[in-house]
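Got the viewer open? Switch to a cartoon view, colour by chain, and keep the selection box handy for the stops below.

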Amino acid sequence: MRDSRQAIRRGGLVLGMLLLGTDVLSAQLQPGEFLISLRAERVSYANSAALEPSAAAGMETMYFLTRHLAVGIQASVARPWTKGEYFPLMRHTYWTPNSANDTTLLYVVNQQVTAFDYGIQAEYRLAFDRWEPLVQVGAGRYTFFVDPQSQPQSNRDRRTFSGFAYSVGGGLSFAVSEGARVTVAISDRVYTGFDRDELSLSDRLLREDRFPNPDPPPPPEEDVIHNLRLSAGFSFAPGRGR
Amino acid sequence: MRRANGLALVGVLLAATACEDARLPSELQGRVYDVRLLAEPSPATRIPGGTVAVTAAGDVVSDVTVTAVRLPGGPAAEYSAYLLDERTGNTGARVTFAPDELGSATVSLSDLGEATTVVIAAGAQAPGALWARFRDLSTGAVAPSADLVLGHFEAEPEPFPYAVAGAGRLGLYERGEFGSNDFRLGGVIENLAVAPPGFTYVAWLHDAERDVWTPLGPLLDESRNAATGLDVLPPPGQPRHLAKLYLNVEASAQLDFRYYTDVRLSLERADHTPATPLSTVFAGTFGAQFLLRRPEEPTGG
């Protein structure tokens, strides 16, 4: 009974301090301070995107305008594999001089691409003791670098494609010390103007047109795709004690 | 201690996200036993045709006897024939008839003395699909006989004869392990000549050893739906051949491709598919690599 009364009192104190904009702990970031974060990420691309889920690494730098509001930049890089089964099969026909061989082998072909996601973002962060829930919104661009060695002969010059991206997400940060935090977050990375055919390796000279692939067909193409990014990271505020 | 816990958590998450499934740049998805679909030898002798014999007194036609052969459909298919004066557009009455089991039919027409041409249609009121012109349109002289020509008689600017044209790239696709016998027959057929009015193309599986025929249903369009209108002739100035057509047939308990030796394509009435084709215009023989897969004693199919 005494414990619950203490908890209520403590919660009320935190809420009151929040409303008054007062620090709960000295760990809370102050206006004019920077917070630099390194993240390990897992990106699950939209089902229609023809991309396998991938690990990614990210970094962000946020500048606190107030105790709660920060703006900054972020970038992340992933190395996803394409889903070759979304595209026509490639054929390899064996021919002998007398055309006696009548067999064609069919392959699904994939490539590993490099995906950059970068831009500006804004963050609103609360503080409850050492716990800091936060929400983020961002805007920027995505850029895919395709594997130059895998490109079909008919499209050798293809190197990159990119488009406008925006995001919305949230997370929870835990202050392990005055200047250091660990954070887990989840966000929806929205890519616009996305053309999954850019990921196809099907050379028009070698693609198999006799048998549709896959059967049944893959999910329809989408111009705007929603990608889920889970991240865990370590953050530090330069100039603060650890 | 708390800092160490935090760093350990980050480390674990980093390791977890770094674990990726190994994936190869290319993965074998199966093998296709290729089949080339080509026109049969002497295709002109495999399509509907025939002759007409004309009896005339001077320039006046008194009787025209039509002897048609290889008309698809058999006794269940109705055809009509009539005389026409192409100079004036006058026509005689349509006479309906049906060919016998072998596609042969004989019809006599005698109601238009100034006729220049006899026309046969695949149906009581259908457009002309065979014709024979027995009178010289400029001199008016009548020939005692003429050959029937298959095609679009009412095409602009002049009748458009049918000629067997096109080719196909077919294959028997064995997915998965070699020996699984999980086959699909598929392929694409390109540049097929437009079928005469009232006709269409039908694909068949054929076993030359047992003389067994199994219809494969209609050809498919690019969306893999049943293709229709294969007898619609594009207007003058446009390519007068069909868009790509497809075959896509799954094996089943009732249909084991290993019991067959070839694929054929025949010209049939659009409204009637017989149990066996009278004659075929395209053939694709299965290759040796596939025929080696035939069981000792075929029982299926």
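Start by selecting strand 5 (103-109) of chain A together with strand 1 (residues 26-39) of chain B: these two pair in the antiparallel sense over 7 bridges. Strands here are DSSP runs (E, at least two residues), numbered from the N terminus, and two strands count as paired if DSSP finds at least two bridges between them. For one rung of this ladder, click A:Thr104, whose bridge partner is B:Val32. Strands of a sheet pair through backbone hydrogen bonds, either parallel or antiparallel.

Before going on, a word on what you are looking at. This is a predicted model, in which local features need pLDDT of at least 70 and side-chain atom pairs count only at pLDDT 80 or more, while totals for chains, interfaces and linings use all residues. Residues are numbered from 1 along each chain as its sequence is written, chains are lettered from A and ligands numbered from 1 in the order in which they are written, and side-chain values use heavy atoms, with hydrogens and water left out.

**Colour by confidence**

Now colour by pLDDT, the predictor's confidence in each residue, from 0 to 100. Chain A averages 85, with 82% of its residues at 70 or above; chain B has a mean of 88, and 91% of its residues reach 70 or more. For the complex, the predictor gives an ipTM of 0.73 and a pTM of 0.75. Select residues 13-24 of chain A: pLDDT stays under 50 there, and the model has 17 contacts (heavy atoms within 4.5 Å) beyond four places in sequence for this stretch. Where pLDDT is low, the predicted coordinates should not be read in detail.

**The interface**

Next, show everything in contact between the chains: you should get 39 residues from chain A and 39 residues from chain B. The two chains bury about 3300 Å² between them, 55% of it on carbon and sulfur atoms; buried area is the accessible area (1.4 Å probe) that two parts lose on being put together, summed over both. Which three residues supply the most of what chain A buries against chain B? Pick A:Asp102, A:Arg210 and A:Phe211, which together supply 22% of that area.

Turn on polar contacts across the interface, and the rule finds 13 residue pairs, both members at pLDDT 80 or more. A polar contact is a pair of N or O atoms within 3.5 Å; within protein, one must be able to donate a hydrogen and the other to accept it, and residues adjacent in sequence count only if both atoms are side-chain atoms. On the side of chain A that touches chain B, the largest share, 7 residues, comes from strand 5. That side divides into 18 nonpolar, 9 polar and 12 charged residues, with Ala, Val, Leu, Ile, Met, Phe, Trp, Tyr, Cys and Pro counted as nonpolar, Asp, Glu, Lys and Arg as charged, and the others, Gly among them, as polar.

There are also 3 salt bridges across the interface, meaning a side-chain nitrogen of Lys or Arg within 4 Å of a carboxyl oxygen of Asp or Glu. Zoom in on A:Asp209 and B:Lys244, which form a salt bridge with their closest N and O atoms 3.9 Å apart.

**Walking into chain B**

Go back to strand 1 of chain B and step across to strand 12 (residues 167-175): 8 bridges join them, antiparallel, with B:Leu37 partnered by B:Gly168. From strand 12, carry on to strand 13 (residues 183-190), another antiparallel pairing over 8 bridges; here B:Leu170 partners B:Gly187.

While strand 12 is selected, show B:Arg175, whose side chain meets that of B:Glu250 in a salt bridge (3.0 Å, N to O). B:Glu250 sits in strand 16 (residues 245-250) and B:Arg175 in strand 12, so this pair ties together parts 75 residues apart in sequence.

Elsewhere in chain B, 6 strands form an open antiparallel sheet in the order 5-4-7-8-10-11. Strand 5 (95-97) and strand 11 (160-161) are its edges, each pairing on one side only.

**Two backbone stops**

In the loop between strand 10 (149-152) and strand 11 of chain B, find B:Pro157: a cis peptide bond joins B:Glu156 to B:Pro157, with omega about 0°. Last, select A:Ala50, in the loop between strand 1 and strand 2 of chain A; its phi is near 65°, a positive value in a residue other than glycine.

How values were computed
Helix = DSSP H or I, 4+ residues; strand = E, 2+ residues; numbered from the N terminus.
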